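Visitor: I have a structure to read and do not know where to begin. Can you walk me through it?

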Amino acid sequence: LNYFTQTTYGLRMEYKIVSGGAEYEFYNSSIIPYRQLRYFVVLQGSFKDKFSYSFNGNIRNYYMIDDKTRQNYIDFSGIMTYVIAYQTRLNVEIGYRKQVGHGIDLDLITGKADLSTVFRKINCKVGIQVYNREYLNEKTNFIGGYIEIIRKFDWHKI
């Protein structure tokens, strides 16, 4: 029979725009038993209703009990928004993930930036995306741009 018992202990602290903490998890399972130690930090806030941001970071260290191996994960993500004018804004999103362990070696960076505005009920957006991945010694790079033009209709008024 498959079973699991999960026990987690943690500590979290917050002060103004930053919070962070640590967790210890013991996952006893008939399928994949492990122990994990996780650290995390979150930074978020805004400045004069013009600029807002949110950044998150995690470090997770796994010890796989059955095969006595270790896996390490590092994650970072961030979102920033700058209001240029009433209906015009610049958005920037970034992400990073690093995985180290048997069969999971990954190095991934993603990014996206766009400028959006509304003109006479037409939503316009122009942006760029970046993707850089190295997985098990295979490299993939991508840079692309996009344009969106959207008109939303109020069907209940027709």
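**Surface, fold and two residues**

Guide: Start with the surface. The protein exposes about 11,700 Å², and carbon and sulfur atoms supply 58% of that area. Keep in mind that this is a predicted model.

Visitor: How many helices and strands does the protein have?

Guide: Count the elements, then read their order. Here there are 0 helices and 9 strands. Along the sequence, the pattern is β-β-β-β-β-β-β-β-β.

Visitor: Is the protein a compact globule or more spread out?

Guide: Compare the radius of gyration with the globule rule. The radius is 21 Å, and the rule gives 15 Å for 158 residues. The value is well over the rule, so the protein is more spread out than a compact globule. The box tells you the extent along the principal axes: the C-alpha atoms fill roughly 60 × 40 × 35 Å.

Visitor: What share of the residues counts as buried?

Guide: Of the 158 residues, 25% do. Next, look at contacts between residues at least 6 apart in sequence. Among these, 34% join residues at least 24 apart.

Visitor: How many positive and negative side chains are there?

Guide: Count each set, then compare their centres. The protein has 21 positive and 15 negative side chains. The centres of the two sets lie 9 Å apart.

Visitor: Now a single residue. Is Arg-60 buried or exposed?

Guide: Place it first, then check its accessibility. Arg-60 sits in strand E4, residues 51-64. Its relative accessibility is 17%, and buried means under 20%, so Arg-60 counts as buried.

Visitor: Which residues does Arg-60 touch, beyond those up to four places away in sequence?

Guide: Gln-36, Leu-37, Arg-38, Gln-71, Asn-72, Tyr-73, Asp-75 and Arg-97. Then look for polar contacts. One of 3.2 Å joins the side chains of Arg-60 and Tyr-62.

Visitor: Why does Thr-8 count as partly exposed?

Guide: Use the two cut-offs. Partly exposed lies between under 20% for buried and over 50% for exposed. Thr-8 has 43% relative accessibility, so it counts as partly exposed. Thr-8 belongs to strand E1, residues 4-15.

Visitor: What is Thr-8 in contact with, leaving aside neighbours within four places in sequence?

Guide: Thr-8 is in contact with Glu-23, Tyr-24 and Glu-25.

Visitor: How far apart are Thr-8 and Gln-36 in sequence and in space?

Guide: Read both separations. Thr-8 and Gln-36 are 28 residues apart in sequence. From C-alpha to C-alpha, they are 9.2 Å apart in space. You have met Gln-36 already: Arg-60 touches it.

Key:
Residues are numbered from 1 along each chain as its sequence is written. This is a predicted model: local features need pLDDT of at least 70, side-chain atom pairs count only at pLDDT 80 or more; totals for chains, interfaces and linings use all residues. Side-chain values use heavy atoms; hydrogens and water are left out. Helices (H or I, at least four residues) and strands (E, at least two) are DSSP runs, numbered from the N terminus. Buried means under 20% relative accessible area, exposed over 50%, partly exposed in between (1.4 Å probe, protein chains only). A polar contact is a pair of N or O atoms within 3.5 Å; within protein, one must be able to donate a hydrogen and the other to accept it, and residues adjacent in sequence count only if both atoms are side-chain atoms. Contact means heavy atoms within 4.5 Å. The radius of gyration is taken over C-alpha atoms; the globule rule is 2.2 Å times the number of residues to the power 0.38. Accessible areas come from the Shrake-Rupley method with a 1.4 Å probe; for residues, only the protein chains shown count as cover. Lys and Arg count as positive and Asp and Glu as negative; His and the chain ends are not counted. The place of a charge is taken as NZ of Lys, CZ of Arg, CG of Asp or CD of Glu.
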